[in-house]
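Q: Hey, could you walk me through this model? I'd like to begin with a single residue and then work outwards.

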Amino acid sequence: PDVYEVNNTAGQAANLPVAFTANTATVSTNKGSNCHNGNDYDYYKIVLPAGYNYEVGARIHDSHSSGNGNTYSLDGLVSYSTDGTTWSDAYDDIIAGTIVVNGGGTVYFYVSPYFTGETGTYLFVANITRLAALSTEKDITGFAVPGMVGNATIIPNTASVDIVVTAQTDVTNLIPTITISNKASINPPSG
């Protein structure tokens with residue numbers, strides 16, 4: 001067994017701690033990872049703090065495709081889940097595209113042998129990019145309609161707006177342009 005055992009289910013997933021430098025981080029099973037017997041399937045997780053969006057790229061280096069020049073003895077597959085229950089397709093070495101995690105959360109990874117019962121070593125690596133911080137505010141930040149006189153008065157605690165329009169404005173057919181903060185939503189939509 002490797003140092004990440006027992007990690008044979010999503011509930012037992014080995015946590016790979018994330019430490020950002022600026023807005024990037026790399027996590028890996030650099031302490032040595034393997035499928036040590038024919039029934040060993042390995043689960044890992046990364047926990048991404050709330051308040052940011054993230055993009056994650058992941059792969060395994062194995063006997064079929066070692067992108068780092070080292071030699072590994074397992075030909076493996078890797079898949080991922082953002083809830084520990086619903087899993088992506090299995091990828092042969094490199095997960096296609098990026099995994100998008102909005103607002104933080106946990107991403108689970110599942111490594112298994114390409115051929116049932118196979119054993120051997122591999123290296124799992126995930127590269128994480130932390131995107132701009134999310135706003136915690138849910139506010140209307142701007143409001144305008146054709147025929148408006150002056151600026152709108154936005155009243156945050158009631159999510160309402162007071163405006164004055166010219167006497168010639170048809171108030172039965174106004175289509176507002178509304179600007180909102182990052183975490184706000186409106187219905188019907190602006191425009």
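A: Gladly, and please keep in mind throughout that this is a predicted model. A good place to begin is Asp139, which is partly exposed with a relative accessible area of 24%.

Q: Why does Asp139 count as partly exposed?
A: Because its relative accessible area is 24%, and the partly exposed class runs between the 20% under which a residue is buried and the 50% over which it is exposed.

Q: Where is Asp139, and which residues is it in contact with?
A: Asp139 sits in the loop between E9 and strand E10, the latter covering 140-144. Once its neighbours within four places in sequence are set aside, Asp139 is in contact with Pro156, Thr179, Ile180, Ser181 and Ala184.

Q: And how far is Asp139 from Thr86?
A: Their C-alpha atoms are separated by 34 Å, and the two residues are 53 residues apart along the chain.

Q: OK, zooming out. How many helices and strands are there?
A: The protein has 0 helices and 13 strands, so reading from the N terminus you meet β elements in the order β-β-β-β-β-β-β-β-β-β-β-β-β.

Q: What about the overall dimensions?
A: Taken along the principal axes, the C-alpha atoms fill a box of roughly 80 × 30 × 30 Å. The radius of gyration is 25 Å, whereas a compact globule of 191 residues would have one near 16 Å.

Q: How much of the protein is buried, and how much surface does it expose?
A: Of the 191 residues, 32% count as buried, and the protein exposes about 10,600 Å², of which carbon and sulfur atoms supply 50%.

Q: How many charged side chains, positive and negative?
A: There are 6 positive and 16 negative side chains, and the centres of these two sets lie 10 Å apart.

Q: Back to the inside, then. Which residues in the largest nonpolar core touch the most other members?
A: That core has 25 residues, and those touching the most other members are Ile46, Leu48, Val56, Phe109, Tyr122, Phe124 and Ile128. Two or more core residues come from each of strand E2 (24-28), strand E4 (42-48), strand E5 (52-61), strand E7 (99-101), strand E8 (105-113) and strand E9 (120-133).

Q: Which residues does Tyr122 touch?
A: Not counting residues up to four places away in sequence, Tyr122 touches a list that includes Thr29, Cys35, Tyr44, Ile60, His61, Tyr72, Leu74 and Val111.

Q: What share of contacts joins residues far apart in the chain?
A: If you take the contacts with a separation of 6 or more, residues 24 or more positions apart account for 71% of them.

Q: Let's try Asn127. Where is it, and what does it touch?
A: Asn127 is found in strand E9, and at 43% relative accessibility it counts as partly exposed. Leaving out residues up to four places away in sequence, Asn127 touches Ala25, Thr26, Glu55, Val56 and Gly57. Its C-alpha atom is separated by 14 Å from that of Asp93, which is 34 residues apart from it along the chain.

Q: Is Asp93 buried or exposed?
A: Asp93 is buried, with a relative accessible area of 4%, and it lies in the loop between strand E6 (76-81) and E7. Its backbone is worth a look too, since Asp93 has a positive phi of about 90 degrees although it is not a glycine.

Q: Why point that out?
A: Because most residues other than glycine have a negative phi, and most peptide bonds are trans. Ala22 also has a positive phi, near 55 degrees, and this residue lies in the loop between E1 and E2, where it is exposed with a relative accessible area of 62%.

Q: And which residues does a cis peptide bond join?
A: A cis peptide bond joins Glu5 and Val6, with omega about 5 degrees, and Val6 is placed in the segment before strand E1 (14-15).

Q: Last one: what do Thr98 and Asn102 touch?
A: Thr98, in the loop between E6 and E7, touches Glu55 and Val56, not counting residues up to four places away in sequence. Asn102, in the loop between E7 and E8, is in contact with Tyr52 and Asn53 when its neighbours within four places are left aside.

Technical notes. Residues numbered from 1 in each chain as written. Predicted model: local features only at pLDDT ≥ 70, side-chain atom pairs only at ≥ 80, totals over all residues. Heavy atoms only, no water. Helix = DSSP H or I, 4+ residues; strand = E, 2+ residues; numbered from the N terminus. Rg over C-alpha atoms; globule rule 2.2 N^0.38 Å. Buried < 20%, exposed > 50% of the residue type's maximum accessible area, 1.4 Å probe, protein only. Contact = heavy atoms within 4.5 Å. Areas by Shrake-Rupley, 256 points an atom, 1.4 Å probe, with all protein chains shown as cover. Lys, Arg positive; Asp, Glu negative; His and termini not counted. Charge placed at Lys NZ, Arg CZ, Asp CG, Glu CD. Core = buried A, V, L, I, M, F, W, Y, C linked by side-chain atoms within 4.5 Å.
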